[in-house]
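Subject: Handing over the structure

Dear colleague,

I am passing this structure on to you, since you have not worked with it before. Please have it open while you read the notes that come after it.

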Amino acid sequence: MRRETPRRAVLARGRRAVALVAGAGLLAAGCAAPERPYRPQEGAPPAAPAAPTGPGDGAGRPSDGTETVRVADGLRARIEWPANPDPLLKVMVDQYVGTRRAVAEGRRVYKEGLELDAAVQASDWVASFADERWTMRGVGRLYNLRVSARVGKGAQVDACVDESGIRMVSSRTGRAISPQPAWLRTPYGQSVAARRGDDGVWRIRTYVDSRERCTR
């Protein structure tokens, strides 16, 4: 997800979310790394999957490693899997597909596969679209997926997001919003800190600063 939320008025909500994550970071997830609030536009909150199951939610993963997932009517996600993908990459894919699906459905809460700060930040991001009655159309792209660090039960997962193929539209009229948010124009990095629970399931705990320079 991106740093900006739909309207300037919603930015204050994002600032409060930053304060919420001040005491939690990758150390809590088992990795020593900088923390950050969930920001859907950058790959961090909004992030996001319940209805979304990520891998396997589309027509199957073709031999070239590219999978197209139907997120909602008029909205798809193009997932570019690396060769021999680590199963842990699914948490990144799931949160991306899930948060976008939540926006398309007009939901105000998103927690699937998320814990602690990530759940708060993702829900805040999703709710901002519901407040403005904005939704998404087009094709988003998730690529350069990788696990960049592992420490005990914690790990950091990184990816690049290209949403230049996405358009924001009014959920009331179906017309494109003008002007379109600037963050749709340029690919951005997204990083998450995940932790494996006692049940063996990996869940995202927080979104962390991405230092990735993403290109198309």
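What follows is an account of what was found, going from the overall layout to single residues.

Please keep in mind throughout that this is a predicted model. The chain contains four helices and seven strands, and from the N terminus on these elements run α-α-β-β-α-α-β-β-β-β-β. Of its 216 residues, 52% count as buried.

Let me begin with the hairpin of β1 and β2. Strand β1, which covers residues 66–72, is mostly covered, in that five of its seven residues are buried. It runs antiparallel to strand β2 (residues 75–80), and six bridges join the two; within this pairing, glutamate 67 has isoleucine 79 of β2 as its bridge partner. Two residues lie between the strands of this hairpin, where glycine 74 takes a positive phi near 75°.

Helix α3 deserves a careful look as well. It has 15 residues and reaches 21 Å from its first C-alpha to its last, which is close to the 21 Å expected at 1.5 Å a residue. Since 13 of those 15 residues are buried, the helix is largely enclosed by the rest of the structure. Aspartate 94 is found in this helix, which spans residues 90–104, and this aspartate is itself buried, with a relative accessible area of 10%. The side chain of aspartate 94 is joined to that of lysine 90 by a polar contact of 2.7 Å. After α3 comes glycine 106, whose phi is positive, near 70°.

The same helix leads on to the nonpolar core, to which it contributes. In soluble globular proteins, nonpolar side chains tend to be buried together. Here the largest nonpolar core has 43 residues, and those with the most contacts inside it are Met136, Leu142 and Leu145. The largest share of this core, seven residues, comes from α3. Leaving aside residues up to four places away in sequence, leucine 145 touches a list of residues that includes Ile79, Trp81, Pro82, Met92, Val93 and Ala159.

Turning to the later strands, β4 and β6 run antiparallel and are joined by eight bridges, with alanine 159 standing opposite glutamine 190 in β6. Strand β6 also pairs with β7, again in the antiparallel sense, over six bridges, and here the partner of serine 191 is valine 208 in β7. Seven of the nine residues of β6 are buried, so this strand is largely enclosed by the rest of the structure. The hairpin of β6 and β7 has five residues between its strands, and glycine 200 there takes a positive phi near 85°.

How many disulfides does a search of the whole structure find? There is one, and it joins cysteine 160 to cysteine 214, with an S to S distance of 2.0 Å. Cysteine 160 lies in strand β4 (residues 154–162), whereas cysteine 214 lies in the segment after β7 (202–208), so the pair ties together parts that are 54 residues apart in sequence. The torsion about the S-S bond is about -80°, and the disulfide is therefore left-handed. Are its two cysteines buried or exposed? With a relative accessible area of 1%, cysteine 160 is buried, and cysteine 214, at 12%, is buried too, because buried means a value under 20%.

Finally, there are some points of backbone geometry that you may wish to look at for yourself. The peptide bond from serine 178 to proline 179 is cis, with omega near 0°, and proline 179 lies in the loop between β5 (166–170) and β6 (188–196). Leucine 116, though not a glycine, has a positive phi, near 45°, and this leucine lies in helix α4, which covers residues 116–132. Asparagine 144, likewise not a glycine, has a positive phi of about 55°; it is found in strand β3 (residues 134–151) and is partly exposed, with a relative accessible area of 35%.

With best wishes,
A colleague

Key
Residues are numbered from 1 along each chain as its sequence is written. This is a predicted model: local features need pLDDT of at least 70, side-chain atom pairs count only at pLDDT 80 or more; totals for chains, interfaces and linings use all residues. Side-chain values use heavy atoms; hydrogens and water are left out. A disulfide is a pair of cysteine sulfur atoms within 2.5 Å. Buried means under 20% relative accessible area, exposed over 50%, partly exposed in between (1.4 Å probe, protein chains only). A polar contact is a pair of N or O atoms within 3.5 Å; within protein, one must be able to donate a hydrogen and the other to accept it, and residues adjacent in sequence count only if both atoms are side-chain atoms. A nonpolar core is a set of buried Ala, Val, Leu, Ile, Met, Phe, Trp, Tyr and Cys residues joined through side-chain atoms within 4.5 Å. Contact means heavy atoms within 4.5 Å. The expected span of a helix is 1.5 Å times one less than its number of residues. Two strands pair if DSSP finds at least two bridges between them.
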